[in-house]
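Biologist: I am new to this structure and would love a close look at one part, the place where the two chains meet. Could you walk me through it?

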Protein chains: 2
Amino acid sequence: MQTQEALTERRSVRTFNAKPVPSNLIEIIIDCARHAPTARNVQPWDFVIVTKKETLKILGSLADNGRFIAESPCCIAVFCSDTKYYLEDGCAATENILIAAEDLGLSACWVAGDKKPYCDKVRDSLGAPEDYKLVSLIPLGYSLDKPVMPSKRALKEVMHMERY
Amino acid sequence: MQTQEALTERRSVRTFNAKPVPSNLIEIIIDCARHAPTARNVQPWDFVIVTKKETLKILGSLADNGRFIAESPCCIAVFCSDTKYYLEDGCAATENILIAAEDLGLSACWVAGDKKPYCDKVRDSLGAPEDYKLVSLIPLGYSLDKPVMPSKRALKEVMHMERY
């Protein structure tokens, strides 16, 4: 897929069919994630790929705005060690995951991690180190669901030449 | 450019030649930015496009780790209003800008905004509202400079199946 199409056609999708995500596609997606920009090349990120139904159910029960994770075939948890720019770095990697998934014909959704009360429980459930921050949870899979693009602020409204 | 190539071949580039960035490319880039994921579709972002030499010099003098902005033909300042997920949203938009720029044959660099002592001065210099947060500054332009990819943690090191 061409880059601009992947960037502008991506949607947040929350329902998937049962088809598993092939492991070679997961590797491509994480390869794109690890090439995200990162302050001072610190690369504070680690990615946990969950496909076991039992664990997906635990994640869905913890994430109050991500209950549909329980019914997803796969979920990527993005963790970062506690660096000054962990959230910027983890968000850049998260966005690369979403764009790479779109490019591969997969659907996905960014479920918030940072600042959520369930961060520590997700971290402990997946065995990540105590000083790690959960940046995001990304359920993904195949879907026939292509939600209508939510209303977006117009280009002319968000773009300011020379000054705000 | 194919999406995976844009995601994995992007580099942080800090030297540009004098060629201006065509305004139609800027519009494509900001169009990609405004399609970034955003919590609850809040879209807290606004983008200020700076091309005036005088303003670029001011930005370069304020951003201690972005002095090269002064010598860049263009700089995009990403601001967000102060929402709960402004940093996630602003970082997703920033990453879309970097990927779109790569796709268009431009080079760019993510200069930190949030948590930097110069945030308020940049905001005031560009006339953004007082409650706005500077998320990033993105100098961009044409460059023959293609820095060697910095050492990256291997796929097998960052990717964990089922548990960390």
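Modeller: Happily! Let us begin with a piece of shared sheet: strand 6 (residues 159–161) of chain A pairs with strand 1 of chain B in the parallel sense over three bridges. Strands here are DSSP runs of E of at least two residues, helices are runs of H or I of at least four, and both are numbered from the N terminus; two strands pair if DSSP finds at least two bridges between them. Within this pairing, His160(A) stands opposite Val48(B) in strand 1 of chain B.

Before we go on, a word on the model: it is predicted, so local features need pLDDT of at least 70 and side-chain atom pairs count only at pLDDT 80 or more, while totals for chains, interfaces and linings use all residues. Residues are numbered from 1 along each chain as its sequence is written, chains are lettered from A and ligands numbered from 1 in the order in which they are written, and side-chain values use heavy atoms, with hydrogens and water left out.

Now step back to the whole interface. In total, 70 residues of chain B are in contact (heavy atoms within 4.5 Å) with 70 residues of chain A. About 6300 Å² is buried between the chains, with carbon and sulfur atoms giving 54% of that area; buried area is the accessible area (1.4 Å probe) that two parts lose on being put together, summed over both. Arg153(B), Glu162(B) and Tyr164(B) supply 12% of the area that chain B buries against chain A, more than any other three residues.

Arg153(B) also forms a salt bridge with Asp46(A), the closest N and O atoms being 3.3 Å apart. By the rule (a side-chain nitrogen of Lys or Arg within 4 Å of a carboxyl oxygen of Asp or Glu), four salt bridges cross the interface.

Which parts of chain B touch chain A? Several elements each supply at least two residues, including helix 1 (3–9), helix 2 (23–34) and strand 1 (45–50). Helix 4 of chain B gives the most, with ten residues.

Finally, how do the two copies relate? Chain B can be laid on chain A with an RMSD of 0.0 Å by a turn of 180° and a shift of 0.0 Å along the axis, superposed by least squares on the C-alpha atoms of residues with pLDDT of at least 70 in both. The copies are thus related as by a two-fold rotation axis. The same surface serves both: 100% of the contact residues of chain B recur in chain A.
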